Amino acid sequence: MKLTIKQVTKTFKEKKALDAIDLELTTGVYGILGANGSGKTTLMRILASVMKPTSGQVLLDGQDIMAMSHEYRNLIGYLPQHVGLYKNFTAEKFLKYIAALKGLPKEETDEKVDEVLELVGLSEARRKKVGEFSGGMKRRVGIAQALLNDPKILIVDEPTAGLDPKERIRFRNLLSKISSNRIVVLSTHIVSDIEFIAKEVLILKEGQLIKKETPQRLLKGIEDKVWTLVIDENEIPRYQSQYKVGNIARVDDRFQLRILSDDQPDHDAIQDHPNLEDLYLYYFDEEETA
Ligand SMILES: Nc1ncnc2c1ncn2[C@@H]1O[C@H](COP(=O)(O)OP(=O)(O)O)[C@@H](O)[C@H]1O
Ligand SMILES: [Mg+2]
């Protein structure tokens, strides 16, 4: 199975949300990394065929997905960035309702709902109202609904936004579990979400695909640029104005800075192994990387 994105451009009035994206996806997890407004959701909506590109095409094994219509929709599981769950429905009722909307045969529905509930770890909570669920549980209901039709292509848009670390890990493990034999496209701005589960990381910046690499390769690219340095509190602003500074950790009464720099920022600075968070900082220099 191969999904080919060919010169896909999407323009909203004057705004180019996606700019001539070329991409080829096969089975495995792809992590789309990008700052807010970089075009992640637009790309995912196009892949989910809920939005048409302004120009360019998406092909599944050579066939235009727009022409495939229902046939393509049946292969897709999509978890939008903002999902409306029916608060007063129980998890089970909600899933049965979505199954009906998706046109699942009635005689298969009960079994399928049991199966996805089990998969996402919500069997026990199936008779609870979705409105009473935690953030993580709601996301798992979201994934469960996306899996009802056993999709060959699963598209999840920022599934971990707003989750606490424990829920994020749980969600990550779930994705990893369900990723075999499917194309999974996952967007996030939380780099640790994809560091270990993505086969490739795609970095979007202002509508352009600026990198497409394995996480390992990407990290190798910044191998000698990550430094840690312990300083006094009053020195922090100086480093922040001169360098890209990531994590700042308190060490006794001093502070350890994580600095991205081509050159050693100070002779006391020690080189460290890069992680995807460093990479994100290197490319985007954004505050929100945790
Ligand atoms: N329906 C829309 N109408 C107008 N502009 C849009 C629309 N959807 C997205 N955009 C713009 O396109 C750009 C990319 O948005 P989006 O794909 O949502 O980015 P991301 O998901 O990475 O935050 C942004 O500048 C956004 O404001
Ligand atoms: Mg988005």
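**Exercise 1.** Which residues of the largest nonpolar core touch the most other members?

Solution. The model is predicted; local features need pLDDT of at least 70, side-chain atom pairs count only at pLDDT 80 or more, and totals for chains, interfaces and linings use all residues. Residues are numbered from 1 along each chain as its sequence is written, and side-chain values use heavy atoms, without hydrogens and water.

Step 1. A nonpolar core is a set of buried Ala, Val, Leu, Ile, Met, Phe, Trp, Tyr and Cys residues joined through side-chain atoms within 4.5 Å, where buried means under 20% relative accessible area (1.4 Å probe, protein chains only).

Step 2. Among the 52 residues of the largest such core, Ile-143 and Leu-175 touch the most other members. Helix α6 (residues 135–147) supplies the largest share of this core, six residues.

Step 3. Leaving out residues up to four places away in sequence, Ile-143 touches Leu-79, Val-120, Val-156, Phe-171, Leu-174, Leu-175 and Ile-178 (contact: heavy atoms within 4.5 Å).

Step 4. A second, separate core has 28 residues, including Val-8, Tyr-30, Ile-46 and Val-185.

**Exercise 2.** Find the polar contacts to ligand 1 and describe its shell.

Solution. Step 1. Use pairs of N or O atoms within 3.5 Å. Oxygen atoms of ligand 1 lie 2.7 Å from a backbone N or O atom of Gly-37, 3.0 Å from one of Gly-39, and 2.8 Å from a side-chain N or O atom of Thr-41.

Step 2. Among the residues around ligand 1 are Phe-12, Lys-15 and Lys-40, each with a heavy atom within 4 Å. Helix α1 (40–47) gives the most to this shell, three residues.

Technical notes:
Chains lettered and ligands numbered in written order. Polar contact = N/O pair within 3.5 Å; in protein donor to acceptor, adjacent residues only side chain to side chain. Helix = DSSP H or I, 4+ residues; strand = E, 2+ residues; numbered from the N terminus. Buried < 20%, exposed > 50% of the residue type's maximum accessible area, 1.4 Å probe, protein only.
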